Amino acid sequence: MMRPLFCLLLLAANAAHAQTERKLETLLLMPEPKVMRSAYSITPAGSQATVLTPYRESAVAPSGIEPYSQEAFSKLGLSIETFAERAKFAADKRLLLLKPELIKGADGKIAYAVYRGESSLYATLLVAPSLPKIFEELFGKEIWVAMPDRHALYVFPAREEAFHEFAEDLAERYTTDAFAASCEVFAIKVGSEPKVVATFVGEE
């Protein structure tokens, strides 16, 4: 009679162990509206409305992530420049484990790609150095990237007409999500930092 109960307890223990086995990510650069900026936030090239803020995963924060306080960041013993470089490497590691969804347009061709899910980390893939390389064959040497909220990152060909069709939907996601990320569109090439080239909402 005790054997099924023992098996259930063992399965529960194994599940709990697997959940805690993955270390929480401590190196995140989160795109967010500039009104949310902290003392350690970085302004991307060409941006008027977005900052990249040091975040970390948290087992207690309601959203699963939290920005660093000045005290917590000081304890890392890193400059913001070093943190940013390490965050890019960490983002690359996450990116290479993910598979984007490819969305076709009315003409049957791939219109855009999207990484999305329940995780709050998708927007942080913006800084992953491998991102433009992954889509080079599909979209060319330059891509345009948008992340209206933390749960998705959209990748478009670097053409205004390719992006324009979806701007209204992106704007709605940005303005209605409690955890908005950025209302701006970033151009990215291999070996270059993300640079803002457009916005899909009115100027902030």
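Two strands pair if DSSP finds at least two bridges between them. I start there since the first topic is a hairpin. Helices (H or I, at least four residues) and strands (E, at least two) are DSSP runs, numbered from the N terminus. In the hairpin of β4 and β5, 5 residues sit between the strands, and Gly108 there has a positive phi near 85 degrees.

Some housekeeping. This is a predicted model, in which local features need pLDDT of at least 70 and side-chain atom pairs count only at pLDDT 80 or more, while totals for chains, interfaces and linings use all residues. Residues are numbered from 1 along each chain as its sequence is written, and side-chain values use heavy atoms, with hydrogens and water left out.

On confidence: pLDDT is the predictor's confidence in each residue, from 0 to 100. The chain mean is 89, and 88% of residues reach 70 or more. Residues 1-20 stay under 50, and the model gives them 0 contacts (heavy atoms within 4.5 Å) beyond four places in sequence. Where pLDDT is low, the predicted coordinates should not be read in detail.

Now the overall picture. The chain has 7 helices and 9 strands. Of its 204 residues, 45% are buried, meaning under 20% relative accessible area with a 1.4 Å probe and protein chains only; exposed is over 50%, and partly exposed is in between. Among contacts with a separation of 6 or more, 58% are between residues 24 or more positions apart.

Next, the sheet. It is open, with 6 strands in the order β4-β5-β7-β6-β8-β9 and antiparallel pairing. At the edges are β4 (101-104) and β9, each pairing on one side only. Back to the hairpin strands: β4 and β5 are joined by 4 bridges. Glu101 has Val114 as its bridge partner, and Leu102 stands opposite Ala113. β5 is also joined by 4 bridges to β7 (residues 152-157), again antiparallel, with Arg116 opposite Ala152. How many of the 7 residues of β5 are buried? The count is 5, so to speak of β5 as mostly covered is fair.Helix α3 (residues 80-95) comes next. At 1.5 Å a residue, its 16 residues should span 22 Å, the expected span being 1.5 Å times one less than the number of residues. The end C-alpha atoms are 22 Å apart, which agrees. Its buried residues include Ile80, Phe83, Ala84, Ala87 and Leu95. The cover over the buried residues of α3 includes β1 (28-33), β2 (50-57), α2 (70-76), β5 and α4.

Last, the rings. The structure holds 14 aromatic pairs. Rings of Phe, Tyr and Trp (its six-membered ring) pair if their centres lie within 6.5 Å; planes under 30 degrees apart count as stacked, over 60 as edge-to-face and the rest as tilted. Tyr115 and Phe135 have ring centres 6.2 Å apart and planes at 85 degrees, so that pair is edge-to-face. Tyr115 is in β5 (residues 110-116) and Phe135 in the loop between α4 (131-134) and α5 (136-139), 20 residues apart. Both Tyr115 and Phe135 are buried.

For Phe163 and Phe200, the centres are 6.5 Å apart and the planes at 50 degrees, so this pair is tilted. Phe163 lies in helix α6 (residues 160-164) and Phe200 in the segment after β9 (195-199), 37 residues apart. Phe163 and Phe200 are both buried. They also belong to a cluster linked by ring pairs, whose other members are Tyr112, Trp144, Tyr154, Phe156, Phe166 and Tyr174.
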